[in-house]
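Student: I have a structure in front of me and would like to learn how to read its features one by one. Could you take me through it?

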Amino acid sequence: MDRELRAIVIKFFTSDGKFSFIKVGAQLLVLCGLVAGLVAFVGNNKTITLNVDGKTSSVQSFGGTVAQVVRSANLELKPGDRVSPSVDATVQNGTVININQAKEVKVSLDGAEKTVNTTAQDVEDLVTELGVASASEVSAPKDATLSLAGSYVSISTPKTVSIVADGKVNTTTTTAPTVGKVLEDSGVTLGANDRTSQPANANVVNNMVIKVSRVDTGQTTTTSEDVPFQTVTAESADMLKGEKQVTQAGVAGKLERTFKLVLVDGREASRTLVSENVAVQPVNEQVTVGTKDKPVAQAAPAPAAGANTGAAAPAMMNEAMWDKIAQCESSGNWSINSGNGYYGGLQFDVRTWIGAGGGAYAPNASLATKAQQIDIANRVYAQRGLSPWGCGWAASS
């Protein structure tokens with residue numbers, strides 16, 4: 001180059017003089033400056049590789065630091081972005097700058113929702129960053145790229161769940177998010193009225209127990225109950241006051257009731273009355289009571305001379321029955337003379353007493369022993385039953 005310059009200088013000097021030499025020298029200085037500027041330009045311009053969330057691009061930049069290169073590439077760094085090398089690091093030709101941008105991701109983790117700030121590039125990186133089990137069920141493909149905003153990921157971690165149904169307990173590990181999905185995955189079919197211990201939309205938690213109760217509302221049952229009879233009383237002037245006679249025995253009726261049942265796992269939980277019907281009508285008891293006044297007592301005739309008033313009575317028969325009747329007739333006083341024409345514990349009138357052979361013992365019953373009175377009473381009973389006694393009903397009390 002020096003030779004070429006000298007030759008040019010000499011040539012122009014000999015032909016044009018001093019003026020031509022100066023002109024040629026100025027052009028040469030400009031040319032040298034341009035060459036030096038070009039060298040400096042080429043030296044400061046660098047080719048940099050940008051890797052933004054896994055997407056690479058090559059940029060030309062005069063920047064000397066990472067921050068300057070990123071700015072020249074029209075990228076704006078936000079708080080939370082991860083940059084390597086650091087933003088103030090010096091770059092060289094061929095430097096690779098890795099940028100993981102911060103993203104706001106709405107995450108539902110086992111039903112609990114929250115917003116996560118992350119630099120993860122895809123769903124798989126997010127799951128790893130959250131530290132959840134790799135076997136978790138994720139709502140999006142694991143290689144799906146996360147957006148800077150608006151991404152939503154639902155994660156359900158494996159949980160141990162026990163299902164109690166139809167008399168069996170099945171323990172399983174599941175990533176199903178809700179109780180309804182767990183039952184569906186386990187093949188448990190619910191009837192229209194069946195119940196579960198947890199709502200179908202409830203979030204599944206570890207060690208949850210889900211009880212399925214089978215409900216049957218299609219059964220009925222019928223019960224039978226007694227309908228009490230009523231007592232109808234009629235008066236009779238042919239019977240003495242205090243006398244009572246049952247002329248028609250009462251009979252209880254039957255009431256049938258039909259109930260709709262609710263059975264839970266085969267056991268009755270409740271019942272509702274749907275109908276009732278009197279299948280057998282009750283029969284009223286009819287009782288006749290006396291209204292006739294008892295006759296006024298008369299003095300007992302003196303015993304006939306030579307009458308045998310001390311005859312021995314046979315062994316007492318039906319003693320317990322007569323004791324009950326006597327308790328009603330005379331308060332159990334076997335020697336009472338009430339002065340109204342009736343005598344002794346069983347209140348014999350003289351006519352009945354003598355007619356049944358009581359004269360063999362005493363003129364009236366009050367003068368006879370208990371055993372003698374019971375003997376005469378058994379004779380009357382054999383012929384007429386208990387109808388002569390107003391308190392005959394007491395025998396069955």
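Tutor: What follows goes through sheets, helix packing, cores and a few single residues, and please keep in mind throughout that this is a predicted model.

Student: Let me begin with the sheets: in what order do the four strands that include strand 5 form their open sheet?

Tutor: The general idea is to list the strands by who pairs with whom, and here the order is 6-5-8-7, in an open sheet with mixed pairing. Strand 6 (112-118) and strand 7 (137-138) each have a single partner strand, so one side of each is left without a neighbour in the sheet.

Student: In which sense, parallel or antiparallel, do strand 5 and strand 8 pair?

Tutor: Strand 5, residues 103-109, and strand 8, residues 149-156, pair in the parallel sense over six bridges. To find the register by eye, look for Val-105, which stands opposite Ser-151 in strand 8.

Student: Which helix lies across strand 5, strand 6, strand 7 and strand 8?

Tutor: That is helix 4, residues 123-130, and its direction is at about 105° to strand 6. In the loop between helix 4 and strand 7 you will find Ser-136.

Student: Why does Ser-136 count as buried?

Tutor: Burial is judged from relative accessible area, with a cut-off of under 20%. Ser-136 has a relative accessibility of 8%, and therefore counts as buried. Beyond residues up to four places away in sequence, Ser-136 touches Ile-155, Ser-156, Thr-157, Pro-158 and Thr-175.

Student: What is the order of the strands in the open sheet that contains strand 12?

Tutor: The order there is 10-9-12-11, and the pairing is mixed. Its edge strands are strand 10 (168-174) and strand 11 (195-196), each of which pairs on one side only. Strand 11 pairs with strand 12, residues 208-213, in the antiparallel sense over two bridges, and Thr-196 stands opposite Val-212 in strand 12.

Student: Turning to helix packing, at what angle do the axes of helix 6 and helix 8 cross?

Tutor: For a helix pair one reads the distance between the axes together with the angle, and these two axes come within 11 Å and cross at roughly 95°. Angles of 65 to 115 degrees count as roughly perpendicular, which means that helix 6 is roughly perpendicular to helix 8. At the contact, Glu-319, Met-321, Trp-322 and Asp-323 in helix 6 meet Lys-370, Ile-374, Ala-377, Asn-378 and Tyr-381 in helix 8.

Student: How many residues does the largest nonpolar core have, and which have the most contacts inside it?

Tutor: This core has 20 residues, and those with the most contacts inside it are Trp-322, Ile-325, Leu-346, Phe-348, Trp-353 and Trp-389. Helix 6 (319-330) and helix 8 (370-384) are the elements that give two or more residues to this core. Another core, of 13 residues, lies apart from it and includes Val-182, Ala-202, Val-204 and Ile-210.

Student: With which side chain does the side chain of Asn-51 make a polar contact?

Tutor: Asn-51 is found in strand 1, residues 46-52, and its side chain makes a polar contact with the side chain of Asn-98 at 3.0 Å.

Student: Finally, why does Val-232 count as partly exposed?

Tutor: Val-232, in strand 14 (residues 231-240), counts as partly exposed because its relative accessibility is 40%. Leaving aside neighbours within four places in sequence, Val-232 is in contact with Asn-284, Glu-285, Gln-286 and Val-287.

Technical notes
Residues numbered from 1 in each chain as written. Predicted model: local features only at pLDDT ≥ 70, side-chain atom pairs only at ≥ 80, totals over all residues. Heavy atoms only, no water. Pairing = 2+ DSSP bridges. Contact = heavy atoms within 4.5 Å. Axes fitted to C-alpha atoms, helices over the stretch in contact; angles between N-to-C directions. Core = buried A, V, L, I, M, F, W, Y, C linked by side-chain atoms within 4.5 Å. Buried < 20%, exposed > 50% of the residue type's maximum accessible area, 1.4 Å probe, protein only. Polar contact = N/O pair within 3.5 Å; in protein donor to acceptor, adjacent residues only side chain to side chain. Parallel < 35°, antiparallel > 145°, perpendicular 65-115°, else oblique.
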